Amino acid sequence: MLEIENLSVSYGKTPILRDVDVSVDAGEVVGIMGKNGVGKTTLVKAIIGLLEADAGTIRFDGRDVTDERADERARRGIGYIPQGRDVFPELTVEQNLKMGETINEASETLHYDTVYEYFPILEERRSQKAGTMSGGQQQMLAIGRALVGDPKLLLLDEPSEGIQPSIVQDLTRDLRELSADLGTTILFVEQNLHVVQNLSERCYAIDKGTIVDELEGDRLASRDEVAAYLAV
Ligand SMILES: Nc1ncnc2c1ncn2[C@@H]1O[C@H](COP(=O)(O)OP(=O)(O)O)[C@@H](O)[C@H]1O
Ligand SMILES: [Mg+2]
């Protein structure tokens, strides 16, 4: 579904990512964990196309998208949930969801029913301005917006940030169920131990702009092994 090879990205003359290799199979739920400032957001932005690659390739769904714009990649089926959510505060919940319809142009399916089934609060608050909702509800809206158009890949940048722990647990479970029910592939970056351990089937570790490890099974289940890559 997604294959990143030798990716390097910089801000101006400052190199941030070096030789990043990441691959995600269809239907997989994969995490990338790392502390603050190690390059997680830079990597996510390079995958969706908001930052240009200096070197390397990004293949999505069998096609080289390295030189495509972000909106083109979205139309091919990448649903992006930015760090800090970025919902439109002055628009209603429903108007925000509508923005997601352009994701995955090839699919005729719209997932409003699914979104409202997973996040009933969004249906209840359909006509309310997004800015009036809590952080957790706005995160549900951001996920719903990315889901509406039937994405092949959901790309999430720190979905747990600024959300209270009980809601983080709900969100983690919802994302797992969504992936299982719809077959949606998920790639997320996180520094929250609970999300890393309970959402990923496999997890890369990133440090100083480079992938330094890949964990699954017993190692991913070990609190100590995971915590070594996080600021806990
Ligand atoms: N717009 C920018 N211009 C210059 N440097 C940046 C910019 N955004 C982030 N950085 C730097 O790039 C590095 C990686 O940042 P980022 O990808 O946001 O890390 P993370 O998401 O893991 O916290 C940090 O050292 C940060 O200071
Ligand atoms: Mg970040």
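**Figure 1. Glutamate 3 and its surroundings in the predicted model.** Glutamate 3 counts as partly exposed because it has 16 C-beta neighbours inside 10 Å, a count that falls between the 20 or more required for a buried residue and the 12 or fewer of an exposed one. This glutamate is found in strand E1, and, when neighbours within four places in sequence are left aside, glutamate 3 is in contact with Ser23 and Arg59. Although glutamate 3 and serine 23 are 20 residues apart in sequence, their C-alpha atoms are 4.4 Å apart in space.

**Figure 2. The open sheet and its strand order.** Four strands, in the order E2-E1-E4-E5, form an open sheet in which the pairing is antiparallel. Strand E2 (14-24) and strand E5 (63-64) are the edge strands, each of them pairing on one side only. Within the sheet, strand E1 (residues 2-11) and strand E4 (residues 55-60) run antiparallel and are joined by five bridges; serine 8, for its part, has alanine 55 in E4 as its bridge partner.

**Figure 3. Helix H1 against the sheet strands.** Helix H1, which spans residues 40-48, lies across E1, E2 and E4, and the helix runs at about 65° to E2.

**Figure 4. The shell of residues around ligand 1.** The residues around ligand 1 are Tyr11, Thr14, Ile16, Gly34, Asn36, Gly37, Val38, Gly39, Lys40, Thr41 and Thr42. Two or more residues of this shell come from each of E2 and H1, and H1 gives the most, with three residues. Sorted by class, the shell around ligand 1 holds seven polar, three nonpolar and one charged residues.

Note on methods. Residues are numbered from 1 along each chain as its sequence is written. Chains are lettered from A and ligands numbered from 1 in the order in which they are written. This is a predicted model: local features need pLDDT of at least 70, side-chain atom pairs count only at pLDDT 80 or more; totals for chains, interfaces and linings use all residues. Two strands pair if DSSP finds at least two bridges between them. Two residues are in contact if their C-beta atoms, placed from the backbone, lie within 7 Å. Axes are lines fitted to C-alpha atoms, for helices over the stretch in contact, and angles run from 0 to 180 degrees between N-to-C directions. A residue is near a molecule or strand if its C-beta atom, placed from the backbone, lies within 6 Å of it. Ala, Val, Leu, Ile, Met, Phe, Trp, Tyr, Cys and Pro count as nonpolar, Asp, Glu, Lys and Arg as charged, and the others, Gly among them, as polar.
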